[in-house]
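Subject: Structure handover

Hello,

Here is the structure I promised to pass on. My notes on it follow below.

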Amino acid sequence: MKALQYRTIGAPPEVVTIPDPEPGPGQVLLKVTAAGVCHSDIAVMGWPAEGFPYELPLTLGHEGVGTVAALGAGVTGLAEGDAVAVYGPWGCGTCAKCAEGKENYCLRAEELGIRPPGLGRPGSMAEYLLIDDPRHLVPLDGLDPVAAVPLTDAGLTPYHAIKRSLPKLVPGSTAVVIGAGGLGHVGIQLLRALTPARVVALDVSEDKLRLAREVGAHEAVLSDAKAAEAVRGITGGLGAEAVFDFVGVAPTVRTAGAVAAVEGDVTLVGIGGGSLPVGFGLLPFEVSVNAPYWGSRSELIEVLNLARSGAVSVHTETYSLDDAPLAYERLHEGRIDGRAVILPHG
């Protein structure tokens, strides 16, 4: 089968031909219908050789949907041809967090060497994908594969981040979204669907700010040295009850802290390496700072239900598997509005 692999540190990914996987006992083989392109993949390919955490070659892709192609011995509850989405953050399945469906916070994943598809084990940028356990599959139930695949990360991650702050996003409150790209433009929609809060979007790109307005942001502000002052002005000097930074570099993290209100939440979703000092007098009183990771299985089901209701959708651009390196190049250059989706059989 064809697959997009990261094969050499510092080199671009390559489309190669590798053997078709076969499901063992308890496993499921998917024929991949769509795979999402994510900034996390670029972060992985940007790590230096020293301390690189994964074995190469690595088939990329941690967002995937497909149809069941074959079932390993002992698998029940699925049939060949079933259309499913892949829950990506795999865990051990037995620890306390996994028992709650929170495999994204598995307590034994590191100890047992468990990795998500595309982030340590073969991912979805291929014609076929091997799933280790059927519990990691969620029925699409009529959702279009291209529309659904980004929801497995670009939908699930902001949903998990926003859900924690819902009690603070009451009428009259403000939520700030920093970065209106793949995750951020979905976050804006989720905030509009789930809360009565005023939503203020920040980005360095006028195209992204235009997208933010299109998907529901009440205000769109250029993310520059004056952004914090602008947000303070919009909020009458009080700041925002919830700030979601989907970029995570040092300047955006500083802005996130600068626009938070007393008792506000600052949620650092982006993996740009920025950090926010926390201590008495450094932030407004009782500001909470957290860095979540992905989301739970039940939250993925909730996100897909929101998509079925029409409350959230992802702007997508589609590419063939042969053109997948071009999609990553365009993403790296900031030329993708929303999410790029690879069609391995298209």
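Lys-168 is partly exposed, with a relative accessible area of 30%. Its salt-bridge partner is Asp-265, with N and O 2.7 Å apart. Lys-168 sits in the loop between helix 5 and strand 9 (174-178), while Asp-265 belongs to strand 13 (residues 260-268), so the pair ties together parts that are 97 residues apart in sequence. Asp-265 is buried, at 3% relative accessible area. Please keep in mind throughout that this is a predicted model.

**Other salt bridges**

The count for the structure comes to 15 salt bridges. Side chains of opposite charge can pair when their charged atoms come close. Here are some of the cases.

- Arg-339 and Asp-153 form a salt bridge, and their closest N and O atoms are 3.7 Å apart. Arg-339 is in strand 16 (residues 339-343) and Asp-153 is in the loop between helix 4 (145-148) and helix 5 (156-163), so this pair links parts 186 residues apart in sequence. Both Arg-339 and Asp-153 are buried.
- Glu-100 and Lys-102 meet through their side chains in a salt bridge, 3.4 Å from N to O. Glu-100 is partly exposed, at 45% relative accessibility. Lys-102 is partly exposed too, with a relative accessible area of 29%.
- Glu-103, Asp-133, Arg-135 and Arg-297 are joined into one network by salt bridges that share partners.

**The sheet**

Asp-265 leads on to the sheet. In strand 13, Asp-265 stands opposite Ala-242. Strand 12 (residues 240-245) and strand 13 run parallel and are joined by 5 bridges.

Both strands belong to an open sheet of 6 strands. The strand order is 11-10-9-12-13-14, and the pairing is parallel. Which strands stand at the edges? They are strand 11 (219-222) and strand 14 (288-290). Each has a single partner strand, so one side of each is left without a neighbour in the sheet. On average, neighbouring strands of this sheet are turned by 15° against each other, direction ignored.

Helix 9 (residues 250-259) packs on the sheet. It touches strand 9, strand 10 (198-203), strand 12 and strand 13. The direction of helix 9 makes about 155° with that of strand 13.

**Two helices**

Helix 5 is largely enclosed by the rest of the structure, because 7 of its 8 residues are buried. The buried residues are Leu-156, Thr-157, Pro-158, Tyr-159, His-160, Ala-161 and Ile-162. They pack against helix 6 (184-194), strand 12, strand 13 and helix 10 (297-308).

In helix 1 (residues 39-46), the buried residues are Asp-41, Ile-42, Val-44 and Met-45. They cover an arc of only 155° around the axis, which puts them on the same side of helix 1. Their cover includes strand 1 (2-6), strand 3 (28-37) and helix 11 (324-332).

**Cysteines**

How many disulfides does a search of the whole structure find? The result is 0. Cys-95 shows why for one pair: its sulfur is 3.7 Å from the closest cysteine sulfur, in Cys-98, which is too far for a bond. A disulfide would need the two sulfur atoms within 2.5 Å. Cys-95 is buried, at 8% relative accessibility. Cys-38 is also buried, at 3%.

**Pro-117**

One last residue to look at. Pro-117 is in the loop between helix 3 (109-112) and strand 7 (128-131). Is Pro-117 buried or exposed? At 3% relative accessibility, Pro-117 counts as buried. Leaving aside neighbours within four places in sequence, Pro-117 is in contact with Gly-61, His-62, Gly-88, Trp-90, Pro-122, Gly-123 and Leu-129. Pro-117 and Ile-131 are 14 residues apart along the chain, and their C-alpha atoms are separated by 8.5 Å.

Best wishes

Key. Residues numbered from 1 in each chain as written. Predicted model: local features only at pLDDT ≥ 70, side-chain atom pairs only at ≥ 80, totals over all residues. Heavy atoms only, no water. Buried < 20%, exposed > 50% of the residue type's maximum accessible area, 1.4 Å probe, protein only. Helix = DSSP H or I, 4+ residues; strand = E, 2+ residues; numbered from the N terminus. Arc of directions from axis to C-beta. Contact = heavy atoms within 4.5 Å. Salt bridge = Lys/Arg side-chain N within 4 Å of Asp/Glu carboxyl O. Pairing = 2+ DSSP bridges. Axes fitted to C-alpha atoms, helices over the stretch in contact; angles between N-to-C directions.
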